[in-house]
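Hello! Here are a few notes to read alongside the model, in case they help you find your way around.

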Amino acid sequence: MADHDVLALDDPVGRSLSGHHSHLARRIGQAATYLPGVATFAAVPADPDAADWAELAELLGPGGFADMFSCPATPPRDWDPVFRLEGRQMVRPGTVPPGHSQTVTGTEVVELGPDSAAEMLDLAERTRPGPFWPRTHELGTYLGVRDNGTLVAMAGERLRPPGWTEISAVCTAPEARGRGHAARLVGALVARIVARDERPFLHVAEENKSAIALYERLGFTTHKQVTFRGFRTP
């Protein structure tokens, strides 16, 4: 296993937009964000100046939404705060989970393609695992569990800073909870990520104690505390 650079996790959005997700990026100067419908995450340099913020404002347009994710930099005073949420960034060793299996009690983990986009969006809207838009599935591989043809659980790949892949959108429909779907999906994604010599990581809201406990059982440990913030441009 390569000795991956944990510093890439300090700016997962910016490093993804300038690397693996450059084909999904919009950029003006040193400011960047994702294409509409993919994600609202935006990035500026580590120590942004007034020109960097002006470039991001131009990129997003008047009253545009800047989801700064875990970026600690403070925008100009005329940017209106939209939300603030405490969370944590968790990482996992690059090994396959013990006893990992993609098939348990008749349910199988399946890969979700573009033809499943509407179902994925509907499941995300019902379960609220975090930001999920019509084109979010283009960020990476998404896996799901179907019950009699209906999508009842999913999880997928989101940010891709060098050497790492973020696991995100882990969700299960209320009627299908308690069956181990989330653990099985995360395990399947971990196996795929490790197979390409990368390490898994994820972000979780600090208030979501049940999710934190699940991820800890699956071998994730807290790398650092983060604060998620969003703003409106002037």
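The points below go through this predicted model region by region.

1. Let's start with the small sheet. Three strands form an open sheet in the order 1-2-3, with antiparallel pairing. Strand 1 and strand 3 (42–43) are the edge strands, each pairing on one side only.

2. Looking at one pair within that sheet, strand 1 and strand 2 (residues 31–34) run antiparallel and are joined by four bridges. Across this pairing, arginine 27 faces alanine 32 of strand 2.

3. A helix covers these strands: helix 2 (residues 50–60) lies across strand 1, strand 2 and strand 3, and runs at about 30° to strand 2.

4. Histidine 21 deserves a look. This residue sits in the loop between helix 1 (12–17) and strand 1 (25–28). Histidine 21 counts as buried because its relative accessibility is 1%, under the 20% cut-off. Its side chain makes a polar contact of 2.8 Å with the side chain of tyrosine 34. Beyond residues up to four places away in sequence, histidine 21 also touches others, including Ser16, Leu139 and Arg158.

5. Now the interior. The largest nonpolar core has 38 residues, and those with the most contacts inside it include Phe132, Met154 and Tyr215. Among the elements that give two or more residues to this core are strand 7 (107–112), helix 3 (117–127) and helix 4 (181–195). Helix 4 supplies the largest share, eight residues.

6. Tyrosine 215 is in contact with Met90, Val170, Val186, Leu202, Val204 and Phe220, leaving aside neighbours within four places in sequence. Another core, of 19 residues, lies apart from the one above; Val38, Phe69, Val91 and Val226 are among its members.

Key: Residues are numbered from 1 along each chain as its sequence is written. This is a predicted model: local features need pLDDT of at least 70, side-chain atom pairs count only at pLDDT 80 or more; totals for chains, interfaces and linings use all residues. Side-chain values use heavy atoms; hydrogens and water are left out. Buried means under 20% relative accessible area, exposed over 50%, partly exposed in between (1.4 Å probe, protein chains only). A polar contact is a pair of N or O atoms within 3.5 Å; within protein, one must be able to donate a hydrogen and the other to accept it, and residues adjacent in sequence count only if both atoms are side-chain atoms. Contact means heavy atoms within 4.5 Å. A nonpolar core is a set of buried Ala, Val, Leu, Ile, Met, Phe, Trp, Tyr and Cys residues joined through side-chain atoms within 4.5 Å. Two strands pair if DSSP finds at least two bridges between them. Axes are lines fitted to C-alpha atoms, for helices over the stretch in contact, and angles run from 0 to 180 degrees between N-to-C directions.
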